[in-house]
Amino acid sequence: MGSILRFRKLCFIEPTLRSCESFETQKDDRKQEKRQRIDEHKNKNMRQRRRGLRCLDSCFWFIGCMVTTWWLLLFLHHCLPANLGFKGPEPPGVRLKKEGLTPLHPVVLVPGIVTGGLELWEGRPCAEGLFRKRVWGGSFTEILKRPLCWLEHLSLDDETGLDPPGIRLRPVPGLVGADYFAPGYFVWAVLIENLARIGYEGKNMYMAAYDWRLSFQNTEVRDQSLSRLKINIELMYVTNGNKKVVVVPHSMGVIYFLHFLKWVEAAPPMGGGGGPGWCAKHIKAIMNIGPAFLGVPKAVSGILSAEGKDVAFIRAVAPGLLDSEVLGLQTLERLMGVSRTWDSVVSLLPKGGDAIWGDLDSSPEDGHKCDLETKSYFQMSSKENSSGNEDKRPVFHMNQQTRYGRMISFGKTASEQHSSKLPTVAQMELMHANRVSNSSATCRDVWTEYGKISRTSIQEVADNKAYTAGTLIDLLRFVAPKMMQRAEVQFSHGLAADLDDPKYAHYKYWSNPLETKLPDAPDMEIYSLYGVGIPTERSYIYKLSPSDKCNSIPFRIDSSAEGKGGQGCLRGGVYFVDGDESIPVLSAGFMCAKGWRGKTRFNPSGSATYIREFRHKPPASLLEGRGAESGGHVDIMGNVALIEDILRVAAGASGAEIGGDRIYSDILEMSDRVNIKL
C-alpha cells in the first residue's frame, strides 16, 4: 500500500503542484511586466513634462535672479549714505551753471512710443481698484496679477483705432508722465534734472504727453493733444519774454512733432489754424534725439511675427517658452493681437521705398563693415552750417556683399542670391490670393488676423522669397489687412514726386519727411542727435512656423541663420548695420545729411540742419549705471555730451557755436548712394 501511495505522489501530485507553481509564477511575471510597463510609461510622461518645464523653470529662475539683483542695486543706490565714496562724474548741469549758463529759451519735451505712462479712467470689472492708476509705465505689477485684463485694457478698437467701449486709458500729464519708464529706469529724468540745475522749472519746461498708441491725428480728435501743445508753446513764448521755444522730441516723438509742424499752420478743421509763419515765430530749434525720420525695420518684423532679435534669441535659448505648442500660453499671439490695434506702429514702417532702402541687389549700406569696434571714425563740420574747418571725407569700408535691400527673406539662400535666381511671383497676384481658411469663431479669442489666411496662401508668401521696402507694404496689407486698412488712412510711406500736388495737404502725409515740406522758417535749426557704434536690426531671414493651430503666427525669424564662421553682419537670422540698437543710421541721419541740407524741395526756406552723433561707450562697471557715454536708443538720454548740447542750445547757443556737425558713421557716403530728386 505504501508503495502505491509513493508511486501516486511521484507521478501525479508533484507534477501537478509544479505545474500550478509554474502557472502562478508566470502569472506573477506577467503582472510584474505590466507594472513595469505602466511605471515606464509614467516615467516617460514625467520626463517629457520635466523637459517641457525645465526651460521654463530655468528662464523664470534667471529672470528672478535678474530682478532681485536689479532691486538690490536700486536699494543700495538710494539707501546707502552718499559719503561712502561712490561718487560719479560732475553732472553737466552743475558744470555749465558754473560757466554762467542760465535759462533763455523755454523747452518742450516730446516722448516717443512706449515711454509715456498711461492711466486708467474707465475700465471693465476686472480692473476694479485701478482708477487713475498707471496701467502702462511704473511698476507693471498688474501684468502678474491680471495679465489678460491688462492686455484687454491696453488694446484699442480694431475697427476705429480709438477707445473700445467701456475702456478709457489716458496719458499721464506733466513731467512725471515720462521721466521714468519703471522704478529706477530713467527716460527723461536725467535731462530734466540737468535742465533744473541751470534754472529751468515748470514755467519754462513742458512735457507734451500724448497717447502713443493712437495715430497722430487721432490724438487731436480724441484728446486735443496737438491743440494743448500749440497753446502751451504760445503760453511759454509770451510768459518768457517772447523767447522762441527749443523742442526736444525722442524716437517716434520726432515724427509726431513733424506732423505737428504741418498741423499747427494748416487751416481748421484739419489743422490748428496758426497760419504761415507760426513756426518761424515760436520755434528756435528742434533737437531730435534718436529720430525715426524714415522708419524702423524692426516695425516690419513686429507686425509680421511680433518678433525682433531679442525674441528670436529667447526662442533659440528656450524653445518652449514662447511657443503655444508647448505651453499653451500663446504669448506672442496675444501681444500681436494688442499691438495690431495701435495705429502708431504703422507710422514707424520704412518710408521712401526702394529709392531709400535699396532694391533686391543694392542698398545705401553696401560695403558696410560689421566690426563696429575697429571702425575708422572721424569728426567734421559741414561747409553748409559752419566754416573754417576742413571737410574730411569718411573712409568707407568695403566688405562682402550683403543685400540689405531684401528686408524680409525666406531662407538664407534667398537673402544672398542674385535677383535673377529668385522666383518671379507676381506681387499683386499674390496679394489677391485666397485668404479664407476654415478657422472657427474661437480664433477671435486671440486675434492676430492670421486666422483668416489659408495655409496655401501662407506658403505662397514664403515662396515669393524676398521683399524690399517697396513690396513690404503689399505684404503687410495681406497679412494684416484690418490694421493696414485702418492705419493707412492716417499714414503714408511713399516718396513725393511733386510736393505741390494738392493731395499732400492731407494729414496722412504730414509725418513723412519725404512727402511734406518743412515750414517757412529760415532761422529755425534742426538737429539729429543719435548714437552710433551699436549693431542695429536692418533685415531679417524668416522661415515657416511648424504650427498650423487656429490664429497661430505662421512666420518666425530663423535664428539658426548665421554668417560665415559665425561672423559678419548676419547673426541669429538678423542682418545688422550701424545705429543706436533701434534706429539705423540711414533713418536717423539722411534728412539732415542730405534731404534737408541747404535749400531743397523738402526744405524750401533753407533751415539749418546739424548732425550730432554720439559714439557708444558701454559702462565700465555696474557703478556707472547705464553709462554716461551710451549711444543706446533710450540710454542716450543720460549721455553727458548730448545733455550738454541741449543745455547750450536752450541757453542761446547756435548749432555753429556748439561745433557744427560731429559725424562718426558713414552717413554721408550712404546719403550719396541715395539717388532722389532734391
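**Reading burial, packing and backbone in a predicted model**

Tutor: Let us start with helix 19 (residues 469-479), which is mostly covered, eight of its eleven residues being buried. The model is a predicted one, in which local features need pLDDT of at least 70 and side-chain atom pairs count only at pLDDT 80 or more, while totals for chains, interfaces and linings use all residues. Residues are numbered from 1 along each chain as its sequence is written, and side-chain values use heavy atoms, with hydrogens and water left out.

Student: Which residues of helix 19 are buried, and what does "buried" mean?

Tutor: A residue is buried under 20% relative accessible area, exposed over 50% and partly exposed in between, with a 1.4 Å probe and protein chains only. Helices are DSSP runs of H or I with at least four residues, strands are runs of E with at least two, and both are numbered from the N terminus. In helix 19 the buried residues are Ala469, Leu472, Ile473, Asp474, Leu475, Leu476, Phe478 and Val479.

Student: How many residues of helix 22 are buried?

Tutor: Helix 22 (residues 640-650) has eight of its eleven residues buried, so this helix is largely enclosed by the rest of the structure. Its buried residues are Leu642, Ile643, Glu644, Asp645, Ile646, Leu647, Val649 and Ala650, and after the helix comes Gly652, with a positive phi near 120°.

Student: How many helices and strands does the protein have, and what share of its residues is buried?

Tutor: There are 23 helices and 17 strands, and buried residues make up 53% of the 678 residues. A contact means heavy atoms within 4.5 Å. Among the contacts with a separation of 6 or more, 76% come from residues 24 or more positions apart.

Student: Which residues is Val345 in contact with, once its sequence neighbours are set aside?

Tutor: Val345, which is found in helix 14 (residues 344-347), is buried at a relative accessible area of 14%. Beyond the neighbours within four places in sequence, Val345 contacts Ala299, Ile303, Ser339 and Met483. Val345 and Ala299 are 46 residues apart in sequence, yet their C-alpha atoms are 6.7 Å apart in space.

Student: Is Ser671 buried or exposed?

Tutor: Ser671, in helix 23 (residues 667-673), is buried, with a relative accessible area of 2%. With neighbours within four places again left aside, Ser671 is in contact with Phe590, Ala593 and Lys594.

Student: Which residues touch the most other members of the largest nonpolar core?

Tutor: A nonpolar core is a set of buried Ala, Val, Leu, Ile, Met, Phe, Trp, Tyr and Cys residues joined through side-chain atoms within 4.5 Å. The largest one has 161 residues, of which Val108, Trp188 and Phe257 touch the most other members. Helix 8 gives the most to this core, with ten residues. A second, separate core has eight residues, including Cys370, Tyr404, Ala561 and Tyr575. Residues touched by Trp188, not counting those up to four places away in sequence, include Leu109, Val110, Met207, Val248 and Met637.

Student: How many cavities of 30 Å³ or more are there, and what lines the second largest?

Tutor: Rolling a probe the size of a water molecule over the atoms shows where empty space is left. A cavity is a set of points, on a 1 Å grid over the protein atoms alone, where a 1.4 Å probe fits but cannot get out, and lining residues have an atom within 4 Å of a point. Grid points are joined across faces, edges and corners, and a volume is the space filled by probe spheres set on the points. The structure holds five cavities of 30 Å³ or more, and the second largest has a volume of about 60 Å³. Its lining consists of Val254, Phe257, Leu258, Leu261, Ile286, Asn288, Phe293, Leu518, Ile526 and Trp596. Helix 8 (252-265) and strand 9 (283-289) each supply at least two of these residues, and helix 8 gives the most, with four.

Student: Where do unusual backbone angles occur, for instance at Pro269 and Val114?

Tutor: Most residues other than glycine have a negative phi, and most peptide bonds are trans. Here a cis peptide bond, with omega about 5°, joins Pro268 and Pro269, and Pro269 lies in the loop between helix 8 and helix 9 (278-282). Val114, in the loop between strand 1 (107-110) and strand 2 (118-122), has a positive phi of about 75° although it is not a glycine, and counts as partly exposed at 29% relative accessibility. Arg132, also not a glycine, has a positive phi of about 60° and is found in the loop between strand 2 and strand 3 (134-136).

Note on methods:
On a 1 Å grid over the protein atoms alone, a cavity is a set of points where a 1.4 Å probe fits but cannot get out, and a pocket is an open set with protein on both sides within 12 Å along at least five of seven lines; lining residues have an atom within 4 Å of a point.
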